[in-house]
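This report looks at side-chain exposure, helix packing and charge pairing in one chain. The structure is shown first, and the discussion follows it.

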Amino acid sequence: MATSIKRVVGASLIGTTIEWYDFFLYGSAAALVFNKLFFPEADPLTGTLLAFLTLAVGFVARPLGGLIFGHYGDRFGRKTLLVVSLLMMGAATFLIGCLPTYATVGAAAPVLLTVLRLVQGFALGGEWGGAVLIVSEHGEASRRGFWASWPQAGAPGGNLLATGVLAILAATQSDAAFLSWGWRVPFLLSGVLVLIGLWIRLSITESPVFQQAEPEETAPIIGVLRHHWRDVLIAIGARLAENISFYLITVFVITYAKSTGIANSTVLNAVLIGSAIHFITIPMWGALSDRLGRRPLYIAGAAGIGLWIFAFFPLIDTGNFLAITLAVTVGLIFHGMMYGPQAAFFSELFGTRMRYTGVSIGAQLSAIVAGALAPLIAVALLKDFGNSLPISVYLGAASVLTLIAVFAARETQGRDLAEKVRA
């Protein structure tokens, strides 16, 4: 018996929220404490750079996770692989909360941290494609943008959860207590969240579109490279501005604010408010893409964030809470205009028995050059130039590349996912 679309959406949303909670928790901790705990011998900014390097390692593992999960997801179905990805992510995050620090085991501490970050990246590389596809393939074409955008809301949902927990700890603990043991609490909480997500995710049925599709004669990766290489390039380009902007606005902003003397609680609360609005508006953009098409909204979001970033950092520099909140919130609204329609847009580019592979490879390859490097490049630019303008130019250039990619794509709104799409 087929699962109702609302139940499928709920299972996907809860699962992606938990996985993004795990992933973003690491990014926030890298900005706040990992430099002191795992790289204490470096100066503060270099230590932060090294901490962000371990953050980037997780992105490097994401294409491999996307390829392997995509291959087996296209062969055997979406549901089983989604359960595996959730378990892997949860275990790695819980174990990060148990890690000894540099003061206890020396150089072994950052090595263990890096290994667990690789596992996180591998799991998330397989999670995203499966979560958006199982919703896209359950829902009707006329409302696909709306339904498929809900798993996307798991990103701000997870960030909201991670930032909220960290904000509470920052407000209720001294800096010494948080550095000593408080930072471990959010990581250990992941174990409870994973059990809840696992129970819900096991309750849904496999995608009906996948069950009805005939197997491809070749391996999914061969089919993608043969028939959809252009669509993979479009997906990579489309994600540049979206991915870079998100990590600058939600992760690097913490480091940037600290460098200007702004309290952690101020910027964390601003990100918390921005993420809440982001969570609400993503499905709205997805629904609007069902009426206007995927490309118009994506183009507006890419152009908007490319311009807004030049106002973003001056607003942060004011140190005013309302100005910082405005900077983060408007930035995330523009991001949502791309991210909301993205799930349906990418799903509609590929044929069923190579869709998991195609979506995962396109999205995760871009994550290496976009999200993985964004905090690293931003910290390096800040260190070399001492101001934010080069960082704004960096995102502005990425926005131009994203606009080129989306203009080159064909409109996919309303496509029948049961059809064998060929480039």
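Phenylalanine 76 counts as exposed, because its relative accessibility is 60% and the cut-off for that class is over 50%. In this predicted model, the residue is found in helix α2, which covers residues 44–76. Phenylalanine 76 also contributes to a nonpolar surface patch of about 470 Å², whose other members are Leu64, Leu67, Ile68 and Tyr72.

Serine 190 presents the opposite case, since at 0% relative accessibility this residue counts as buried. Its place is in helix α9, which spans residues 184–201. When neighbours within four places in sequence are left aside, the residues in contact with serine 190 are Tyr21, Asp22, Gly90 and Thr93.

Burial can also be followed along a whole element, as helix α6 shows. This helix, made of residues 144–152, is mostly covered, with eight of its nine residues buried. The buried residues of α6 are Arg144, Gly145, Phe146, Trp147, Ala148, Ser149, Pro151 and Gln152. Their cover includes α1 (5–38), α5 (108–136) and α7 (154–172), together with α13 (264–292), α14 (294–317) and α15 (321–347).

Turning to helix packing, two packed helices are described by the angle between their axes and the distance between the axes. For helix α16 (residues 355–372) and helix α17 (residues 374–385), the angle is about 25 degrees and the axes are 5 Å apart. Helix α16 is therefore roughly parallel to α17, given that angles under 35 degrees fall into that class. On the α16 side the contact is made by Ala370, Gly371 and Ala372, and on the α17 side by Ala374, Pro375 and Leu376.

The last topic is charge pairing. Side chains of opposite charge can pair when their charged atoms come close. How many salt bridges does a search of the whole structure find? The search finds nine, and the table lists some of them, with the distance taken between N and O atoms.

| Acidic residue | Basic residue | N to O distance |
|---|---|---|
| Glutamate 127 | Arginine 201 | 2.8 Å |
| Aspartate 290 | Arginine 294 | 2.9 Å |
| Glutamate 348 | Arginine 294 | 2.8 Å |

The salt bridge between glutamate 127 and arginine 201 links distant parts of the chain, with glutamate 127 in helix α5 and arginine 201 in helix α9, 74 residues apart. Glutamate 127 is buried, with a relative accessible area of 1%, and arginine 201 likewise counts as buried at 1% relative accessibility.

Arginine 294 appears in two rows of the table, as a partner of aspartate 290 and of glutamate 348. Because arginine 294 lies in helix α14 and glutamate 348 in the loop between α15 and α16, their pair ties together parts that are 54 residues apart in sequence. Are the partners in these pairs buried or exposed? Both aspartate 290 and arginine 294 are buried, the relative accessible area of arginine 294 being 0%, and glutamate 348 counts as buried at 0% relative accessibility. Elsewhere, salt bridges that share partners join Asp74, Arg78, Glu137 and Arg355 into one network.

Key:
Residues numbered from 1 in each chain as written. Predicted model: local features only at pLDDT ≥ 70, side-chain atom pairs only at ≥ 80, totals over all residues. Heavy atoms only, no water. Patch = residues over 30% accessible without salt bridge, like charges linked within 9 Å, V, L, I, M, F, W, Y side chains within 5 Å. Areas by Shrake-Rupley, 256 points an atom, 1.4 Å probe, with all protein chains shown as cover. Salt bridge = Lys/Arg side-chain N within 4 Å of Asp/Glu carboxyl O. Helix = DSSP H or I, 4+ residues; strand = E, 2+ residues; numbered from the N terminus. Buried < 20%, exposed > 50% of the residue type's maximum accessible area, 1.4 Å probe, protein only. Axes fitted to C-alpha atoms, helices over the stretch in contact; angles between N-to-C directions. Parallel < 35°, antiparallel > 145°, perpendicular 65-115°, else oblique. Contact = heavy atoms within 4.5 Å.
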